[in-house]
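Colleague: I am new to this structure. Please take one part of the model and walk me through it closely, with whatever lies around it.

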Amino acid sequence: MSVPNHVAIILDGNGRWAKAKGLPRTAGHVQGAKTLEQICEDAYHMGINYLTVYAFSTENWTRPDSEVAMLMELLRNYMKNSIKRAQKNNMCVRVIGDKSGLAEDLRTSIEKLEQATQYNTGLHFQIAINYGGRDEIRRAVVKLADKVAAGVLKPEEIDDKKIAAELDTAGLPDPDLLIRTSGEQRISNYLLWQASYAELYFTSVFWPDFDKNELAKAVEVYEKRDRRYGLVEEE
């Protein structure tokens, strides 16, 4: 079985899941967080080594203030409980995105979580918070421009590896499979550089209902794809 080494997921449909059940949108986000905890365990047991999820995008700040506040509080609670959970499951946790745009207490919790789990050897779990693919590339370009201005890097020396080294995902393998739940069929500014050759899988299942069986379906579709990376198959 050819299980993908790195799976990226766009966690979509929490609000619609709640609406369909006559519940407030907050209930969908709470259930979505529970689903995420279980999927981390399921993914690792299936042989997936890296899991990266889109939790809060740079565009999500435009949502109603009450919903943004609730999501930030949910993230706070998740971070507080994550150290114990990650140590129990031997997970290495990392947050990607522009952390400078987050509240100081949340940045502190993220730092503690990353430091406490950095040497764990189980699932490598990345959470994208205040993340946008274009913003990530912009920040990487600024870092490279600073190096050029400082005289430590020549423009002609900039290649794919140097760009990748300045991205939030530096040191991580590119995703092999990108999953989006809820029926939407777009990648919404997620891992634009890294997902260049990822297989895309879209499901109509809302994120709170996404489970081990749904993940297995996505992996099964991935296994059946012929990944040639632009190579021409010989006759």
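Modeller: What follows is a close look at one helix, and then at the parts around it.

Keep in mind that the model is predicted. The helix is H2, which runs over 25-45. Start with its length. H2 has 21 residues, and at 1.5 Å a residue these should span 30 Å. The C-alpha atoms at its ends are 31 Å apart, which agrees. After the helix comes Gly47, with a positive phi near 105°.

Now look at which side chains are hidden. The buried residues of H2 are Gly28, His29, Gly32, Ala33, Thr35, Leu36, Ile39, Cys40, Asp42 and Ala43. There is a general background to such spacing. An α-helix has 3.6 residues a turn, so residues three or four places apart point the same way. Several elements help to cover the buried residues of H2. Among them are strand E1 (6-10), H1, E2 and H3. Strand E4 (124-131) and helix H7 (212-224) also take part.

Take one residue of H2 as an example. Cys40 sits in this helix. Its relative accessible area is 4%, so Cys40 is buried. Setting aside neighbours within four places in sequence, Cys40 is in contact with Leu51, Met91, Leu123 and Phe125. Glu199 makes a useful distance marker. It is 159 residues from Cys40 along the chain, and their C-alpha atoms are separated by 20 Å.

Leu51 leads on to the core. The largest nonpolar core has 41 residues. Ile9, Leu51, Phe125 and Ile179 touch the most other members. H3 gives the most to this core, with eight residues. Another core lies apart from it, with eleven residues, including Ile10, Tyr54, Tyr190 and Ala198. In soluble globular proteins, nonpolar side chains tend to be buried together.

The contacts of Leu51 tie several parts to H2. Neighbours within four places in sequence are again left aside. From the helix, Leu51 is in contact with Ile39, Cys40 and Ala43. Other contacts of Leu51 are His6, Val7 and Ile9. Leu123, His124, Phe125 and Gln126 are in contact with Leu51 too.

H2 also has a part in the largest pocket. That pocket holds about 640 Å³ of space. Its lining has 28 residues, and Leu11, Tyr54, Ala55, Asn60 and Arg63 are the closest to its centre. H2 gives the most to the lining, with five residues. At least two residues each come from helix H1 (14-20), H2, strand E2 (50-57) and helix H3 (65-89). The lining divides into 13 nonpolar, nine polar and six charged residues.

Strand E2 is worth following to Ser57, which lies in that strand. Ser57 has 9% relative accessibility, so it counts as buried. Not counting residues up to four places away in sequence, Ser57 touches Asn130 and Tyr131. Ser188 is 131 residues from Ser57 in sequence, yet their C-alpha atoms are 9.1 Å apart in space.

Tyr131 leads to a loop. Leu192 touches Tyr131, along with Gly133, Arg134, Ile137 and Ile187, not counting residues up to four places away in sequence. Leu192 is found in the loop between E5 and E6. At 30% relative accessibility, Leu192 counts as partly exposed. Gly132 is 60 residues from Leu192 along the chain, with 8.7 Å between their C-alpha atoms.

The loop between strand E5 (177-180) and strand E6 (199-202) also holds Ser182. Its phi is near 85°, a positive value in a residue other than glycine. Ser182 has a relative accessible area of 8%, so it is buried.

Set Asn90 beside Ser182. Asn90 has a positive phi of about 60° and is not a glycine. It lies in the loop between H3 and strand E3 (92-96). Asn90 is partly exposed, with a relative accessible area of 27%.

Last, set another helix beside H2. Helix H5 (residues 133-149) has 17 residues and reaches 24 Å from its first C-alpha to its last. That is close to the 24 Å expected at 1.5 Å a residue. Its buried residues are Gly133, Asp135, Glu136, Arg139, Ala140 and Leu144. E4 and helix H6 (160-165) are among the elements that cover the buried residues of H5. H5 is followed by Gly151, with a positive phi near 80°.

Methods: Residues numbered from 1 in each chain as written. Predicted model: local features only at pLDDT ≥ 70, side-chain atom pairs only at ≥ 80, totals over all residues. Heavy atoms only, no water. 1 Å grid on protein atoms, 1.4 Å probe; cavity = no way out; pocket = protein on both sides within 12 Å on 5 of 7 lines; lining within 4 Å. Points joined across faces, edges and corners; volume = space filled by probe spheres on them. Helix = DSSP H or I, 4+ residues; strand = E, 2+ residues; numbered from the N terminus. Nonpolar A, V, L, I, M, F, W, Y, C, P; charged D, E, K, R; others polar. Core = buried A, V, L, I, M, F, W, Y, C linked by side-chain atoms within 4.5 Å. Buried < 20%, exposed > 50% of the residue type's maximum accessible area, 1.4 Å probe, protein only. Contact = heavy atoms within 4.5 Å. Expected span 1.5 Å × (residues − 1).
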